[in-house]
Amino acid sequence: MIALTDLEGRWQLSRVIEDTYSGLTGHLEGQAIWSADDDGLVQDESGLLHYGDGPPMHATRRYLWRADGSDIAVFFDDGRPFHTLPDAGREAVHHCDPDLYRVTYKFDLPDGFTQTWRVTGPRKDAVLTSRFTRL
């Protein structure tokens, strides 16, 4: 199991979005920074998103990572629960009615890790694969 301190620092972020529902593919290149706050870590992502044939867009995200006993819980930036990191080979689930978000992580620390989201719902069918490489 990883510890919050394993994530602290700067990471290169490379994300591929395979959106089967819309038939589009997206690519995001940027950085993710995990920095300490009073309760754990704050994850800030920033990058340039190319989605389909549209013009590139600046994209940002913020999450809160917290120790929860021996687990690590991830929250949206407003404090709402998102998911708890699953054990190796398992997936965590986030239900955002009517859609279902399932995530797996593959950690090969200290150098990097991969996060794969599978999103399904009445208007969603996508796989988002993010590779984080330590800078």
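# Salt bridges and sheet of a predicted model

Glu91 is partly exposed, with 39% relative accessible area. Partly exposed lies between buried, under 20%, and exposed, over 50% (1.4 Å probe, protein chains only). The model is predicted: local features need pLDDT of at least 70, side-chain atom pairs need pLDDT 80 or more, and totals for chains, interfaces and linings use all residues. Residues are numbered from 1 along each chain as its sequence is written, and side-chain values use heavy atoms, without hydrogens or water.

**Salt bridges**

Glu91 meets Arg102 in a salt bridge, 3.8 Å from N to O. Arg102 sits in strand S8 (residues 99-108) and Glu91 in the loop between S6 and S7, so the pair ties together parts 11 residues apart in sequence. Arg102 is also partly exposed, at 24%. The structure holds 7 salt bridges (a side-chain nitrogen of Lys or Arg within 4 Å of a carboxyl oxygen of Asp or Glu).

Three of them are tabulated.

| Salt bridge | Closest N to O distance |
|---|---|
| Arg15 and Glu45 | 3.0 Å |
| Arg62 and Asp44 | 2.6 Å |
| Arg102 and Glu91 | 3.8 Å |

Arg15 and Glu45 form a salt bridge. Arg15 belongs to strand S1 and Glu45 to strand S3, so this pair links parts that are 30 residues apart in sequence. Is Arg15 buried or exposed? Arg15 counts as buried, at 12% relative accessibility. Glu45 is buried too, at 8%.

Arg62 pairs with Asp44. Arg62 lies in strand S4 and Asp44 in strand S3, so the link joins parts 18 residues apart in sequence. Here Arg62 is partly exposed, at 41%. Asp44 is likewise partly exposed, at 26%.

**The sheet**

Strands are DSSP runs of E, at least two residues, numbered from the N terminus. Two strands pair if DSSP finds at least two bridges between them. In this model 10 strands form an open sheet with antiparallel pairing. The order is S6-S5-S4-S3-S2-S1-S10-S9-S8-S7. Strands S6 (81-84) and S7 (92-96) stand at the edges. Each has a single partner strand, so one side of each is left without a neighbour in the sheet.

In the middle of the written order, S1 (residues 9-19) pairs with S10 (residues 124-134) over 9 bridges, antiparallel. Asp19 stands opposite Ala126 in S10.

Strand S3 (residues 40-51) and S4 are antiparallel over 9 bridges. Ser46 has Thr60 in S4 as its bridge partner. These two strands make a hairpin with 5 residues between them. In that turn, Gly52 has a positive phi of about 60°.

S4 also pairs with S5 (residues 71-76), through 6 antiparallel bridges. Leu64 faces Phe75 in S5. The S4 and S5 hairpin has 2 residues between the strands, and Gly69 takes a positive phi near 65°.

**The largest pocket**

A pocket is an open set of points on a 1 Å grid where a 1.4 Å probe fits, with protein on both sides within 12 Å along at least five of seven lines; lining residues have an atom within 4 Å of a point. The volume of the largest pocket is about 820 Å³, the space filled by probe spheres set on the points. Its lining counts 38 residues. Which residues lie nearest its centre? They are Arg15, Arg61, Tyr63, Tyr101 and Leu128. Arg15 thus appears here as well as in the salt bridge with Glu45. Strand S4 (residues 57-68) gives the most to the lining, with 7 residues.

Conventions. Helix = DSSP H or I, 4+ residues; strand = E, 2+ residues; numbered from the N terminus.
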